[in-house]
Amino acid sequence: MTIPLILDTDPGVDDFFCFAVVCAFRDVFDLKAVTAMGGNNTTAVTSKNAQRILNLFHRDVPVSYGADSYLTEPFGEPVVSAHGHNGLGEVEIPDPGIPLDPLRAWDKIHAEAEKNEGLQLLTVAPLTNVAMALIRYPDLKQKIAGITMMGGSQLVGNVTPYGEANVTHDVFAMEKVLESGIMTTMIGLDITSQCTISLNEFDAMSEHLNPEVRSIMRQLIAFRHGEAMHDAVSAAAMVDPGFLKFRNAKARIEMASTLSYGRIWLEDSEAETGFRYAYEVDVPAYKQIFAKMISSLEEKL
């Protein structure tokens, strides 16, 4: 049985590979919608990027326009060093020229939750869209079966010493998600950073991939100089979580300390808490999932 899914994203170089996993494993995911927001670039750019990627992977899935700012502050400048001026590492992907879904992201999340029992969210962006949905629709927390998020870190941050971008850029949104009680699985930066795929490894596993897609993926891997494609790891965790080890925890978000701003403090628990985090990763097993994703795309494209 497939997972009814909404992908909440801000594409984004590593977001591209998250899309690839979700689009490749159609036996796992029933992708109902994509909700986009800014951060890596403006929401206008990321929404169109989402449409470009879906079209590249031959998926007719609606894209909803999300937040134009974080809950309490505006977006920063586009993250050119990590995502290029166009959000996709300067790689040009054709625009399908189709309209966005008429529903805004938070309304789309609620509408799909109303229609699809067991709906899950895969979030690889700041959690603003999800928080907006929870604020506008108090009943939503009973209708979402789970959230898998790429975000947070236990060891080191990438925007503050301990704060990872998807959490730290909108700590109030993260707090709203934690308060909701929705079962949340955190795949943190300390885990995803270990899951690198080099160009040599990619070349060895993608010889028969559609040439256009292969070229785009090669360019994106090269653009990031071998850095892990973090968001893809969270999607892989939904495909086969066996490559990760998890702990249940009570979680809270640090909002006061300058040094630890954006850190998710975790108190491990033997009991179910509604929150769990990955603390150990089998990198070779992750690479097997990535290779299986490539093989699946070879068959579909």
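# Exercises: salt bridges and a buried strand

The side chains of Glu 201 and Lys 287 meet in a salt bridge, 2.6 Å from N to O. This is a predicted model, where local features need pLDDT of at least 70, side-chain atom pairs count only at pLDDT 80 or more, and totals for chains, interfaces and linings use all residues. Residues are numbered from 1 along each chain as its sequence is written, and side-chain values use heavy atoms, with hydrogens and water left out.

## Exercise 1

Work out which helices the Glu 201 and Lys 287 pair ties together.

Step 1. Check the contact: a salt bridge is a side-chain nitrogen of Lys or Arg within 4 Å of a carboxyl oxygen of Asp or Glu. Our pair has 2.6 Å from N to O.

Step 2. Find the helices (DSSP runs of H or I, at least four residues, numbered from the N terminus). Glu 201 lies in helix H9 (residues 199–205) and Lys 287 in helix H12 (residues 283–300), so the salt bridge ties together parts that are 86 residues apart in sequence.

Step 3. Look at the cover. Buried means under 20% relative accessible area, exposed over 50%, and partly exposed in between (1.4 Å probe, protein chains only). Glu 201 is partly exposed at 28%, and Lys 287 is partly exposed at 22%.

## Exercise 2

Sort Arg 224 into buried or exposed, then do its partner Glu 227.

Step 1. Arg 224 and Glu 227 form a salt bridge, with their closest N and O atoms 3.3 Å apart.

Step 2. Arg 224 has 8% relative accessibility, so it counts as buried. Glu 227, at 37%, is partly exposed.

## Exercise 3

Describe the surroundings of strand E5 (residues 146–150).

Step 1. Strands are DSSP runs of E, at least two residues. In E5, 5 of the 5 residues are buried, so the rest of the structure largely encloses this strand.

Step 2. Now split the residues by direction. In a regular strand the side chains alternate between the two faces of the sheet. Here Gly 146, Thr 148 and Met 150 point one way, while Ile 147 and Met 149 point the other way.

Step 3. Find the neighbours; two strands pair if DSSP finds at least two bridges between them. E4 (residues 120–123) runs parallel to E5, joined by 4 bridges, and Thr 123 stands opposite Met 149. E6 (residues 184–187) also pairs with E5 in the parallel sense, over 4 bridges, and there Thr 148 stands opposite Thr 185.
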